[in-house]
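Biologist: Could you take me through one part of this model slowly? I'd like a close look at how the two domains of one chain meet, and then how that fits into the rest.

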Amino acid sequence: MSISRIRLSPRQRATRASHHLLLVVLSLLSLFPVILILSTALKTEQDVKVNPFGLFSSFSFENIVQAWTVGEFGSHLLDSVLLTIPSTVLTVVLSTMAGYAFARLPFPGRNILFYAVVLGLLVPFFAYMIPLYFQLRTMGMLDTLVGTILVLSTTGLAFGAFFMRAFFSDLPDELEQAARIDGASEARIFAQVMLPLATPGIGTLTVFTFLQNWNNFLVPLLYLPSGEYRPLTTGLYLFVGGRSVDIGPLAAGALITILPVVLLFILLQRQVTEGFLSGAVKG
Amino acid sequence: MNPPTRSHSAPRVTRRAQARLGVALVAPLLAFVTVFFLFPLGNAIYYSMLDYNGVDPSPAFVGLGNFVELATDPALGPAFMNNIIWIVLGTAAPVVIGLSLALLMWTVRRASTLYRVALFIPYILPAVAAGVVWSWIYDPMRGWLNQLLRSVGLDALATGWLGNPNTALCAVLVTAVWATTGFVFVVLLSSLRNVDAELLDAARMDGANSLQRVWYIVLPQIMPVFLMIVTLTLVGGFSVFDIVFIMTGGGPSNATEVLGTYAYSNAFQLNRISYGTALALVITVLAIPFAVALNRLQRRLSFQESV
């Protein structure tokens, strides 16, 4: 970068200050909806009735308690965890194994199989969601956690295999060759030499997949119809549908839905952006 | 996306061991993909040629009947138009705003992480939460948008944004633009890192103004990434569903109906399973040529760049 001036002229300083001012305003605008959720969720019951959208005009946890118990957001949160964690683990494990094979282990039919898998990047879930509904019903997996987890993990496999293959392809050959000369078996080269080198990629994929699964709306909406299991996304959606519901608990429900995602992002923002970036640039 | 061709000649024993392990490592993933992706996808093609209502054990085979009906369905045209509006505005707005933001951030070092986080957060929020909070902003009486308009004397413009057929599509679109702009911004910002700064300085010396510099120097250099974003939003624009379904469900009086919500309501509310499936396939097939064409163009550009 050529922009490493040591001393700024007054004019440059003014430009820079105006940039910052503009960026602060835009950042606040971008965050405004999140602030609004937080503010309404933390109001007292009376205040919500009078002034639901005034920012931070009162403070209580009443709405959160209401949402957690009456709104069943506690159980939605549990269902979100029960769906998201196993499906994320499945996607990451299967993608890592297959990504390694697609990148570094030649076998007959490898290319055609790889294309069949990454076809999933081109075909939206949309195209096959209807037949999949009846297929799950026939398999006895409709309305079950297991069925939904299997579907959720499959929706991440096209990107996962694609991403991990790219990651393993970029690793140098030397270590693999050296281990082979030392007489290590192929399985050992994978598990003890190459896999440790892939940890950054696996980390990025895990965070990315977790977010996708946590936010997924259509899969639980379609394949968990009875409501015995209901994650936060569809829980919040159906809570809105019940018109008698107050804005206060709704805001609290929205807060419970977004909080894990926002916290995860703030903690691991580098991995998250990297995941989305590579998803975009390479896909 | 081409698999690398590894040309080192390993001994036959090694190659056999590699092939064995390769098949073993790929097999579980293939089982999932086959059962939960390829099989239902093939089934979708079969379904689209039936007249299935979800219960009938032996639905009639109608061949291309559903597709013929689609071609003459009067409700499909407006839905398709809404997709086109969605694609054009939903691509143009985030790209213009995102690029402006990225250029603004380009030289900023201090607090840059903070700005990036603030602008990216909308993109990672679940669509349901975005829908809920934006419907409050659009609330006819107490929503921030109308309050703001009234406070500056523009009472005439205040309306029930999501309930008014004339504004509903735009209102939902603004929510989507809010959600995607941060992503476009981060992608473009990272691509700006590769822009040749010396070229830019030279252009400045030659008296090019900032708009000219962006148009002639910056844009050509980030063109592959630019096209990639257009591809993504374009493909997404054909299959848009979540945010529309959540905020308006296609209403009021079909004003926000897009192909996705129309396919969904046919399949799951009107029990016209086959018709909905046929439409979902048409949506997919519509998007693919655009995606492939743009992807080709993008790759050709990045190839030229690397030569």
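Biologist: How many Å apart do the C-alpha centres of domain 1 of chain B and domain 2 of chain B lie?

Modeller: Happily! The C-alpha centres of those two domains of chain B lie 33 Å apart. Before going on, a word on reading the model: it is predicted, so local features need pLDDT of at least 70 and side-chain atom pairs count only at pLDDT 80 or more, while totals for chains, interfaces and linings use all residues. Residues are numbered from 1 along each chain as its sequence is written, chains are lettered from A and ligands numbered from 1 in the order in which they are written, and side-chain values use heavy atoms, leaving out hydrogens and water.

In chain B, domain 1 covers 12–61 and domain 2 covers 68–306; such bounds come from an automatic or database domain assignment. Nine residues of domain 1 of chain B are in contact with seven of domain 2 of chain B, where contact means heavy atoms within 4.5 Å. Together these domains bury about 600 Å², with 66% of that from carbon and sulfur atoms. (Buried area is the accessible area, with a 1.4 Å probe, that two parts lose on being put together, summed over both.)

What holds polar atoms together there? The rule finds four residue pairs in polar contact across this domain interface, both residues at pLDDT 80 or more. A polar contact is a pair of N or O atoms within 3.5 Å; within protein, one must be able to donate a hydrogen and the other to accept it, and residues adjacent in sequence count only if both atoms are side-chain atoms. Salt bridges between the two domains of chain B number zero, a salt bridge being a side-chain nitrogen of Lys or Arg within 4 Å of a carboxyl oxygen of Asp or Glu.

On the domain 1 side of chain B, helix H1 (12–47) and strand S1 (50–51) each supply at least two of the touching residues. Helices (H or I, at least four residues) and strands (E, at least two) are DSSP runs, numbered from the N terminus. H1(B) gives the largest share, three residues. By class, this side has five nonpolar, three polar and one charged residue; Ala, Val, Leu, Ile, Met, Phe, Trp, Tyr, Cys and Pro count as nonpolar, Asp, Glu, Lys and Arg as charged, and the others, Gly among them, as polar.

Now for the setting. Chain A is also assigned two domains, 10–65 and 76–241, with C-alpha centres 37 Å apart. Between the chains, 109 residues of chain A touch 97 of chain B, burying about 9000 Å², 78% of it on carbon and sulfur atoms. The salt-bridge count between chain A and chain B is zero.
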